[in-house]
Every structure is written in C-alpha cells, then in structure tokens.
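User: Could you zoom in on one pocket and then show me how its surroundings fit into the rest of the chain? I'm in my first year, so please begin with what a pocket is.

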Amino acid sequence: MEKYTGTKFRTILEADGAGSESGLIAAGKTLSKIGVVAKAVGNISVRIGGGMLITGAGSDLGDMSAEDIVYVGDYRAGVCRARGKKEPSSETPMHWSVYSEFPEVNAIVHVHDKAVMENGAVIKTTEREEPYGTPELAGQVVDALRPDNRYIIIKNHGCLAVGKTLSEAVKLAMDFHERFANDKKKFHRKFLCRI
Ligand SMILES: [Zn+2]
C-alpha cells in the first residue's frame with residue numbers, strides 16, 4: 001500500500017489577517033462586553049487574501065453568527081463585489097480605502113465610543129464631518145490616519161482603530177476606552193470633592 005506523504009497539491013495559504021469569521025464574531029463580543037459598542041453600532045474587518053471579511057450591514061456586534069460576516073472581494077466606483085448572506089457594512093468604502101492606502105494594516109475596528117468621543121480631545125480627529133458610508137468620509141479617515149496614526153476619532157461620529165492583526169486593533173479600541181472612561185470617573189471624583 002502506498003505510504004501517505006501528505007497532500008498531492010500545493011496550497012497557497014492566503015494572507016493571515018489573524019481573522020476569520022469566528023475571529024470577527026469573538027471581537028464583536030469582546031467590544032460589546034466592555035461597552036464600547038453603543039446599541040450594537042460599529043463594524044469590524046480583517047484583510048484576507050485580496051479582499052476583506054467584514055461585518056454585515058446592521059449586524060449586532062455583540063451577537064453575531066457566521067451569517068453576519070461577509071467577504072468583500074472588490075470595491076470600486078460605488079460597486080461592491082461580495083460573498084455572503086447579507087450586504088456588507090455600510091462603511092465598506094471606508095474599510096476598503098484604509099486597506100488600499102495602508103499595506104501594513106490588516107484589521108480595522110470602528111465603534112461609537114462615547115467615553116472617547118467626549119473626553120478624547122487630544123486624539124487626532126478627522127477635519128470635516130461627512131455623511132456615513134461615503135467616499136468623502138473614507139477620504140477624511142485615510143487623511144487622519146496619515147502618516148502612522150493607529151487610533152483616530154471620526155468627527156461627530158465615532159472612533160477607528162487599526163492594527164497589524166485583529167487582536168491588536170481590538171486591544172487598541174479597548175485600551176482607549178479604558179483610558180477615557182477612567183479619566184471621566186477621575187474627573188467626576190475631583191469635581192465632587194471640590195463641592
Ligand atoms: Zn459609524
């Protein structure tokens with residue numbers, strides 16, 4: 001009998017965005033647990049192969065299943081080619097632009113973190129407010145990330161963390177949340193003491 005010597009084809013493993021459907025589902029749970037995600041709003045993606053896996057439009061980040069994750073293979077001129085059970089996040093143009101402009105970024109977390117937005121005046125913020133899901137917003141985000149910012153505030157909208165891996169981007173979003181949620185508590189303590 002022939003001795004087993006492994007597969008008889010060559011496998012090209014696609015770029016590991018440190019993510020998969022399960023990675024994104026877990027990331028959504030983590031972010032919702034620490035209260036970064038307000039009313040399930042936000043979107044997460046990882047670069048994979050020539051495209052990206054991204055949370056679906058209207059997904060509840062704290063309670064996703066594999067059906068909430070969509071593969072986007074291409075996005076250009078307002079047309080998105082995707083594989084999945086639902087439409088990809090409305091912020092697909094923003095995620096796609098960030099991956100196109102920053103080859104070292106493999107994961108993106110976008111949340112509406114009130115603690116950071118209210119207290120993070122020191123954080124790099126996009127210059128202009130733009131409507132969600134537009135190429136204009138994507139352009140503002142790309143500009144704010146330059147040359148190498150890893151966490152920014154999207155003016156009057158939310159926050160965005162990027163990383164080489166998904167866990168890096170999630171950790172960044174969590175760290176900033178902790179930092180500014182705690183600052184707020186400290187501020188209130190100080191304030192109350194003075195009264
Ligand atoms: Zn948003």
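Analyst: A pocket here is an open set of grid points where a 1.4 Å probe fits, with protein on both sides within 12 Å along at least five of seven lines. Keep in mind that this model is predicted.

Let's go to the second largest pocket, with a volume of about 160 Å³. Who lines it? The residues are Tyr75, Gly78, Cys80, Glu87, Pro88, Ser89, Ser90, Thr92 and Pro93. Sort that lining by class and you get four nonpolar, four polar and one charged residues.

Take Cys80 from that list. Its relative accessibility is 31%, so Cys80 counts as partly exposed: the class runs between 20% and 50%. Compare another cysteine, Cys159, which is buried with a relative accessible area of 0%. What about disulfides? A disulfide is a covalent bond between the sulfur atoms of two cysteines. A search of the whole structure turns up zero of them.

Between Tyr75 and Gly78 in the numbering sits a residue worth a stop: Ala77, in the loop that joins strand E3 (69-76) to strand E4 (79-83). Most residues other than glycine have a negative phi. Ala77 goes the other way, with a positive phi of about 45°. Ala77 is also exposed, because its relative accessible area of 79% is over the 50% cut-off.

Now follow the lining to Thr92 and Pro93. These two are among the buried residues of helix H2, together with Met94, His95, Trp96, Val98 and Tyr99. Why call H2 largely enclosed by the rest of the structure? Because seven of its ten residues (92-101) are buried.

H2 in turn leads us to helix H4. The buried residues of H4 are Leu137, Ala138, Gln140, Val141, Val142, Ala144 and Leu145. H2 is part of what covers them, and strands E6 and E7 are included too.

Leaving H4 (135-145) for E6 (151-154), you cross a loop that holds Pro147. Here's a second oddity of the backbone. Most peptide bonds are trans. The one from Arg146 to Pro147 is cis, with omega near -5°.

One loop later, between E6 and E7 (158-163), comes Asn156. Asn156 has a positive phi of about 50° without being a glycine. At 57% relative accessible area, Asn156 is exposed.

The loop between E6 and E7 also brings us to the metal. The zinc ion is held by NE2 atoms of His110, His112 and His157, at 2.1 Å. Along the chain, the spacing of these donors reads H-x1-H-x44-H. The pair His112 and His157 links distant parts of the chain, 45 residues apart: His112 is in the loop between strand E5 (107-111) and helix H3 (114-119), and His157 is in the loop between E6 and E7. His157 is buried at 15%, while His112, at 22%, counts as partly exposed.

Finally, step back to the whole chain. There are five helices and seven strands, arranged from the N terminus as α-β-β-β-β-α-β-α-α-β-β-α. Of the 195 residues, 43% count as buried. Among contacts with a separation of 6 or more, 62% come from residues 24 or more positions apart.

Key
Residues are numbered from 1 along each chain as its sequence is written. This is a predicted model: local features need pLDDT of at least 70, side-chain atom pairs count only at pLDDT 80 or more; totals for chains, interfaces and linings use all residues. Side-chain values use heavy atoms; hydrogens and water are left out. On a 1 Å grid over the protein atoms alone, a cavity is a set of points where a 1.4 Å probe fits but cannot get out, and a pocket is an open set with protein on both sides within 12 Å along at least five of seven lines; lining residues have an atom within 4 Å of a point. Grid points are joined across faces, edges and corners, and a volume is the space filled by probe spheres set on the points. Ala, Val, Leu, Ile, Met, Phe, Trp, Tyr, Cys and Pro count as nonpolar, Asp, Glu, Lys and Arg as charged, and the others, Gly among them, as polar. Buried means under 20% relative accessible area, exposed over 50%, partly exposed in between (1.4 Å probe, protein chains only). Helices (H or I, at least four residues) and strands (E, at least two) are DSSP runs, numbered from the N terminus. A disulfide is a pair of cysteine sulfur atoms within 2.5 Å. Donors are N, O and S atoms within 2.8 Å of the metal (3.2 Å for Na, K and Ca); water is not among the atoms, so sites may look incomplete. Contact means heavy atoms within 4.5 Å.
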